[in-house]
Amino acid sequence: QVNRLDPGNVLPKHKDVYKFYNELTGINDNSEISRVMVMLDDWQSGQYIEIADFGFTNWKAGDWISFKLSDLHMTANLGHSNRYMMILTGITNR
């Protein structure tokens, strides 16, 4: 899935639930599921990602960040350009 965050938007701290992924795969043990965010453009001022209280800025296109269901995360775009990322969801420990 490609995700776009327009300037002026904030997605407050939250945890993902993977409901659609669970329904699609029949996997209900969310501890097995990881999510990877691949940045599609270089970072621009005002763009921010936070996972488990660790902030990310200054990324380059192709950089990636992974996290588990239990990780609180948020993102904000207080800059002037859209922020694009590709989101991959899957099993990492099988």
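This is a short talk on the core, the strand pairing and the open and closed spaces of one protein model.

Hi everyone, and thanks for coming. Please keep in mind that the model is predicted.

Let's start inside, with the largest nonpolar core. It has 13 residues, and the members that touch the most others are Met 37, Ile 49, Ile 51 and Met 85. Which elements give two or more residues to this core? They are strand E3 (33-39), strand E4 (47-51), strand E6 (64-68) and strand E8 (83-91). E3 supplies the largest share, 3 residues. As background, nonpolar side chains in soluble globular proteins tend to be buried together.

If you'd like one residue to click on, try Ile 49. Leaving aside residues up to four places away in sequence, Ile 49 touches a long list of others, including Met 37, Met 39, Phe 54, Phe 56 and Trp 59. Ile 65, Met 74 and Met 85 are also among the contacts of Ile 49, and so are Gly 55 and Thr 75.

Now to E3 itself. How many of its 7 residues are buried? The count is 6, so E3 is mostly covered, taking buried to mean under 20% relative accessible area.

E3 also has strand partners. With E8 it runs antiparallel, and 7 bridges join the two. You can find that pairing at Val 38, which stands opposite Met 86 in E8. E3 pairs with E6 as well, again in the antiparallel sense, over 5 bridges. There, Met 37 has Ile 65 as its bridge partner.

Next, the open space. The largest pocket holds about 240 Å³. Its lining has 16 residues, and those nearest the centre are Asn 3, Leu 11, His 14, Met 37 and Ile 87. Strand E1 (2-5), strand E2 (9-14), E3, strand E7 (73-77) and E8 each give two or more residues to that lining. By class, the lining splits into 8 nonpolar, 5 polar and 3 charged residues. Notice Met 37 turning up again: it is in the core, and it lies by the pocket centre too.

Last stop, the closed space. The count comes to 1 cavity of 30 Å³ or more, with a volume of about 30 Å³. Who lines it? Asp 41, Asp 42, Gln 44, Gln 47, Trp 59, Asn 82, Arg 83 and Tyr 84 do. That lining has 2 nonpolar, 3 polar and 3 charged residues. Trp 59 may sound familiar, as it is one of the residues that Ile 49 touches.

That's my tour. Thanks for listening!

How values were computed
Residues are numbered from 1 along each chain as its sequence is written. This is a predicted model: local features need pLDDT of at least 70, side-chain atom pairs count only at pLDDT 80 or more; totals for chains, interfaces and linings use all residues. Side-chain values use heavy atoms; hydrogens and water are left out. On a 1 Å grid over the protein atoms alone, a cavity is a set of points where a 1.4 Å probe fits but cannot get out, and a pocket is an open set with protein on both sides within 12 Å along at least five of seven lines; lining residues have an atom within 4 Å of a point. Grid points are joined across faces, edges and corners, and a volume is the space filled by probe spheres set on the points. Ala, Val, Leu, Ile, Met, Phe, Trp, Tyr, Cys and Pro count as nonpolar, Asp, Glu, Lys and Arg as charged, and the others, Gly among them, as polar. A nonpolar core is a set of buried Ala, Val, Leu, Ile, Met, Phe, Trp, Tyr and Cys residues joined through side-chain atoms within 4.5 Å. Buried means under 20% relative accessible area, exposed over 50%, partly exposed in between (1.4 Å probe, protein chains only). Helices (H or I, at least four residues) and strands (E, at least two) are DSSP runs, numbered from the N terminus. Contact means heavy atoms within 4.5 Å. Two strands pair if DSSP finds at least two bridges between them.
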